[in-house]
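I opened a new notebook page for this one. My plan is to look up the rings, a helix and the sheet, and to jot down what turns up.

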Amino acid sequence: MDRYQVELADFPGDRIVFVKALRIIGKVSLLDATHIYVHASNAKRPVRAAGIDKHVADHIAATFIDTGINVLVRPSSIKTPMICRPQANSAFQWGALRSLVPV
């Protein structure tokens with residue numbers, strides 16, 4: 001089955017619009033949405049979600065487009081669904097018995 005990704009074609013200058021779109025799509029907290037905005041504003045053509053079905057990618061893209069953000073839906077080499085969480089690297093650490101535990 002083909003998988004797709006949602007990529008920002010141009011980054012919006014209005015933080016409020018972007019944060020609102022993220023909160024609608026991913027149901028993320030206001031703080032997390034703001035962190036994602038900062039990460040995305042420093043990246044070139046950031047990917048918001050990857051490894052998803054076409055209808056899901058189209059729905060996410062439509063939500064971004066409704067808020068005035070231009071996006072691209074492209075085929076993805078990633079086969080497992082994932083969303084961009086820039087704080088994931090710092091949100092977990094290795095615990096006892098080589099398990100990941102929240103910080």
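Before anything else, a word I'll keep using: "buried" here means under 20% relative accessible area. I also note that I'm working with a predicted model.

**Entry 1: the rings**

I began with aromatic pairs. Two of them turned up. The first one I wrote down is Phe18 with Tyr37, a tilted pair with 5.7 Å centre to centre and 55 degrees between the planes. I then checked where the partners sit: Phe18 is in helix 1 (residues 15-26) and Tyr37 is in helix 2 (residues 30-41), so the pair links distant parts of the chain, 19 residues apart. I looked up burial too, and both Phe18 and Tyr37 are buried.

The other pair is Phe18 with Phe64. The ring centres are 6.0 Å apart and the planes are at 20 degrees, so I logged the pair as stacked, since planes under 30 degrees apart count that way. Phe64 lies in helix 3 (residues 54-66) and Phe18 in helix 1, so this pair ties together parts that are 46 residues apart in sequence. Both Phe18 and Phe64 are buried.

Put together, Phe18, Tyr37 and Phe64 form one aromatic cluster.

I made a side note on another ring, Tyr4. Lys54 lies over the face of Tyr4, at 5.3 Å from the ring centre.

**Entry 2: Tyr37 and its helix**

Is Tyr37 buried or exposed, in numbers? I found a relative accessible area of 13% for Tyr37, so it counts as buried. I also looked for a partner far off in sequence: Arg15 is 22 residues away from Tyr37 along the chain, yet 7.0 Å away in space, C-alpha to C-alpha.

Next I took helix 2, where Tyr37 lies. Helix 2 has twelve residues and reaches 16 Å from its first C-alpha to its last, close to the 16 Å expected at 1.5 Å a residue.

Which residues of helix 2 are buried? My list reads Asp32, Ala33, Ile36, Tyr37 and Ala40. Looking down the axis of helix 2, I see these buried residues fall within an arc of 145 degrees, so they line one face of the helix. What covers them includes helix 1 and strand 2 (47-52).

**Entry 3: strand 2 and the sheet**

That led me to strand 2. Five of its six residues are buried, so strand 2 is largely enclosed by the rest of the structure.

Then I went through its neighbours. Strand 1 (residues 4-8) and strand 2 run antiparallel, joined by three bridges. I looked up one bridge in particular: Val6 has Ala49 of strand 2 as its partner. Strand 4 (residues 82-83) also pairs with strand 2 in the antiparallel sense, over two bridges. There, Ala50 has Met82 of strand 4 as its bridge partner, and Ala49 stands opposite Ile83 in strand 4.

What is the order of the strands in the sheet? I read 3-1-2-4, in an open sheet of four strands with antiparallel pairing. The edges are strand 3 (71-75) and strand 4, and each pairs on one side only.

**Entry 4: looking back**

Two threads are worth keeping from this page. Tyr37 belongs to the aromatic cluster with Phe18 and Phe64, and Tyr37 is also among the buried residues of helix 2. Strand 2 helps cover those buried residues, and strand 2 also pairs with strand 1 and with strand 4.

Definitions and conventions: Residues numbered from 1 in each chain as written. Predicted model: local features only at pLDDT ≥ 70, side-chain atom pairs only at ≥ 80, totals over all residues. Heavy atoms only, no water. Phe/Tyr/Trp six-rings, centres within 6.5 Å; stacked < 30°, edge-to-face > 60°. Buried < 20%, exposed > 50% of the residue type's maximum accessible area, 1.4 Å probe, protein only. Lys NZ or Arg CZ within 6 Å of the ring centre and 35° of its normal. Expected span 1.5 Å × (residues − 1). Arc of directions from axis to C-beta. Contact = heavy atoms within 4.5 Å. Pairing = 2+ DSSP bridges.
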